[in-house]
Each structure stands twice: as C-alpha cells, then as structure tokens.
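Please find below a short note on the structure under review. It is set out as numbered points, to be read beside the model.

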Amino acid sequence: MQNNVLILDFGSQYTQLIARRVRELNIYCEIHPFNKVPKNIESFKAVILSGSPFSVRAENAPHPDLSKIKGHKPLLGVCYGAQYLAHFYGGSVEPSNIREYGRANLSEISENETLLNGFEKDCQVWMSHSDTIAKLPTNGIRLASTKDVANAAYRIDGEETYAIQFHPEVYHTTYGKQLLENFLVNIAKVEQTWTPAAFVDTTVADLKAKTGNDKVVLGLSGGVDSTVAAVLLHKAIGKNLYCIFVNNGLLRKDEYQNVLDQYEHMGLNVKGVDASERFLDALKGISDPELKRKAIGRVFIEVFDDEAHLVQDVHWLAQGTIYPDVIESVSVTGGPSATIKSHHNVGGLPDFMKLKVVEPLRMIFKDEVRRVGKEMGIDAELLGRHPFPGPGLGIRILGDVTAEKIRILQEVDAIFVNGLKKWGLYDKVWQAGAMLLPVNSVGVMGDERTYEKVVALRAVESTDGMTADWVDLPYKFLQETSNHIINRVKGVNRVVYDISSKPPATIEWE
Ligand code: XMP
C-alpha cells in the first residue's frame, strides 16, 4: 500500500483513535505492536508513536526498535511516545508535581513551526499523563508549553522528529486533527488518496488477483459487514461468489424474507436456507445461555457446511471480519498480546472444510465499512441497521426457547423498533431490542385476571459495544410503545425499560 503511515502501539486506549483520525484525512495507516516493527518499514512514509499506560521510567516499559525510523523518516511521538524520545535520547522524564488529566491550554506557541500551523494561543488540548519531560533530548527545540507543562511540544533539530505531550486524536484537542494534517501532509508529504472509492478499486483488483476463477462462499447475516464484504466480492468475481443466508428462526419479524429480497435485488448470487426447525429442535429444553449459544453455533456450522458442500469445487470462504478484530493490541499487563478474535458468527468453522479465508474488510473500521458501502450504492437503511447478535433472539429469550416465545418476542421487538423509526429515534440509538423474561406476573385485562409474560426493552448509546449507556427515550414514546405491546401482543401483560449501563450490566441479557 502506498502512502502508508505506521502507528506503533504502546498499549494506549487511544491508539485506534489515532488511526481513525489519520484515515479521516484520507491517509491509510496501520497499527502494529511496538516490538513488531514491520519488515517493510522502508515503505512507510511516516511513523507515529502512541501513548501508553506505562511510565518510561518503569523497568518493564516498552522499548521499540527505532533504529530504522528516528532520523530516517518523519516521526511523531504522542504522550508516552514524546516521553520515550526524551528519556532515551539525551533528555529526562520525571514524575510530575501536578498530574495533568483532561483539559489544558497551550499558552506559549512558537511561531512559524509547521507542526503547529493554525494553532491559536490558549487553544485547548487534552492531557493524560503523570510524568513530565523535565529536559528535552539532544538538539530538542521547545515548540509549546502549558501553564504546568513546559515541554508540551518539541522537535529535534536536524531531523523530522516531533513530539507532543497532549493527545491530538481526541475530540477535546481543538486543533488535534490539524496537527496530524500538519505532520502527515505538510511535513511528511503523505498524499491524501485513501478514499472509499480508492479502497473499492484496489480491493476489487486485489480480490480478483487473489481468487482468480475460484469459487468463494460467504455467509450473509443481514448485517452491514457481511453485506459490504459480499458486494465487494460480487464486484470482483460476480457469479463465482456464492452467498448463503441461513434463517435460524431467531431473526427479527419478517427479516428473513425482507433481507433475502434485498440481496436478490442487489444482484447477489444468494441462496436462502430456512433451517428454523433444525435450530428449534437443537434448542429444545436448553435454558443455560452458554449451552444455547453452543447449540446455535453448532447447527449454524452444520447447515452452512452442508450448503457450502453443494457448491462444487469451492476454494475460499469469505468473512466480514473488520479491523478492530484483527489489530494485535498491546496488553497493559505486559508484552504485546494477540487479541485476534474469530468472527463472531462464522467463527470456528471446522477444519475439514479446508477452505482458504478471504477477508475484504480486515483493514478497515466500522465507520469506513459504512462509507465503502455507501460508495457502492448499498441502501442507506441497510447500512444504518443496528447491530444484531449472531444467535439472534435466542439470547434475548431468557430460559428455554420455544416457537411460541419466538413469536411473542418478534412481535414485541417489531413494535419497539418500528416505533423508534416512526418517532425519528432509530438513528439516535446505537442498538435496541427486547428481552423476553422467564417470569409471569399478575395483571388485569377487562374484568379478568391475567398471568402473563414480562418483556424488557433495551436501547443503548455506544460507539463499539464495549461500553454503553441506556438512552433517555421520551416518556411519551415509552408510554405509546408499552400500550401497543400490551394491547397487541397476546401473552404479554407487563413492559419494563432497562436503565442499566455497561459496565456493570451487558447489552444483552442472555
Ligand atoms: P454484550 O451483551 O456483551 O454485547 O454487552 C455487546 C455487543 O455484542 C453483540 N453480541 C453479539 N454479536 N454475535 C454477534 O454478532 C454474538 O454472539 C454476540 N453476542 C453479543 C451484542 O448484540 C452487542 O451489540
């Protein structure tokens, strides 16, 4: 990849954010662990050192090999990166008297320094550190200070080496994106050619070259990632892509048929397989959430495997894996740890399938997947769909799963989700759904006493599902939704709204 930027990760919680900011500048970048400098380092145009939970003074602090980087190509150290460059190249780092977390202002800013082009005096920056750079490295030139931090930014004379104590990648640093642009575009001369259109062109060409005339199978889920992966492959190899869309009977109401129609409309070579009964049989009598997940996963593999075998001479399995699942992040407790996860829904396919794996989205983030989908003309409604778990309603029915419970939950879920759309709330919510609880409670309808099911509604805000908070939905909306559910869905007489954040709760109830 040309115009490639390397981000060396020292385990900061913000490393992925640096990558996303760089990509927003239409510049391609990759994250690698600090101790695995890529062998083709020559092909990278610039390097960024991330922050870290470590102190450079700690015995086990991460030490990168910068021998082919510092002084050879444009280098920007951020936070830990800045401290590392000071500590090991002739300066010194000491514990701060005042720990700086959060907002600070750049009071002194050198003029005519490309890195800080466009920065206004007293502009806000975001700090998160407890050590401070007491002495600059050899040939260091101070570029900016805050009230408490003398060396908030510096460069090394005679090199294209820059360092900043604050975090340019966070939203709260007013000119953070400007700084990254100054460094990458004006100093390192990286071209801004990484666009969704360019990604589509290069990926389609790569896929063609990689798979040739081979046949590829792909499991579609109705979600954004598998759909975008399928459309990319379809562009590359057309009818040699065999898509399989399994109905596990645990999808949303009418989803199977609607999504299948949509896929066919998009010209995909897709086979719908209605295996609802098989899944229901496998789930019979199982209440334990982990056992339910295992049963659903097992049957999925069996069904998918059967179908894939019906396609003669298939060589490849395509998956919708995205970049956050691939990045090897540095663990806070010591050396880099591989946290590569298999794709949730198609993960763990049996070895005997012996297929080679192709993952067209493995280097892009979720928001980029959506932009790429939009570029290829995929329907905005499909691209904006909330995430939905692979095991579907199976993990939203607490206790054992029966056809009747699925019917009830599908009805409830449809009323809730359609209501969100009608009220213009759907796009403001990251994920929404309903849970069917394994309890009955007493109610009264007309003159009769009822003893029926309780459902819980859940709507959360989040960016990646790792943390989440409940959404403050309007009372009027909740009132209308609750009325509709209780009046229209036979078997439910009580609706509650989940007001727990993650952590400590999770999004799904299971
Ligand atoms: P939790 O419940 O762990 O969920 O807070 C976090 C996010 O992950 C989704 N989820 C899954 N997605 N296959 C998936 O594709 C799964 O097995 C699965 N389990 C949970 C969940 O819906 C939420 O968005």
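The points below cover the overall chain, the ligand and its surroundings, and one acidic residue.

1. The model is predicted. Its protein chain has 510 residues, of which 54% count as buried. The chain contains twelve helices and 19 strands. Along the principal axes, the C-alpha atoms fill a box of roughly 80 × 60 × 40 Å.

2. The ligand has 13 residues around it, and those that come nearest are Arg293, Gln431, Lys502, Ile507 and Glu508. Sorted by class, this shell comprises four nonpolar, six polar and three charged residues.

3. Several polar atoms of the protein lie beside polar atoms of the ligand. In the side chain of Arg293, an N or O atom is 2.8 Å from an oxygen atom of the ligand. A polar side-chain atom of Gln431 lies 2.7 Å from a ligand oxygen atom. Gly390 takes part through its backbone: one of its backbone N or O atoms is 3.1 Å from a nitrogen atom of the ligand. As for cover, the ligand taken alone exposes 510 Å², and the protein buries 81% of that area.

4. Asp9 deserves separate attention. This residue belongs to strand S1, which spans residues 4–9. Which side chain of opposite charge is nearest to Asp9? It is Lys36, at 11 Å. A salt bridge requires the charged atoms to be within 4 Å, and Asp9, although buried, has none. The side chain of Asp9 does have a polar atom 2.8 Å from the backbone nitrogen of Gly11.

Terms used. Residues numbered from 1 in each chain as written. Predicted model: local features only at pLDDT ≥ 70, side-chain atom pairs only at ≥ 80, totals over all residues. Heavy atoms only, no water. Near = heavy atom within 4 Å. Polar contact = N/O pair within 3.5 Å; in protein donor to acceptor, adjacent residues only side chain to side chain. Areas by Shrake-Rupley, 256 points an atom, 1.4 Å probe, with all protein chains shown as cover. Nonpolar A, V, L, I, M, F, W, Y, C, P; charged D, E, K, R; others polar. Helix = DSSP H or I, 4+ residues; strand = E, 2+ residues; numbered from the N terminus. Buried < 20%, exposed > 50% of the residue type's maximum accessible area, 1.4 Å probe, protein only. Lys, Arg positive; Asp, Glu negative; His and termini not counted.
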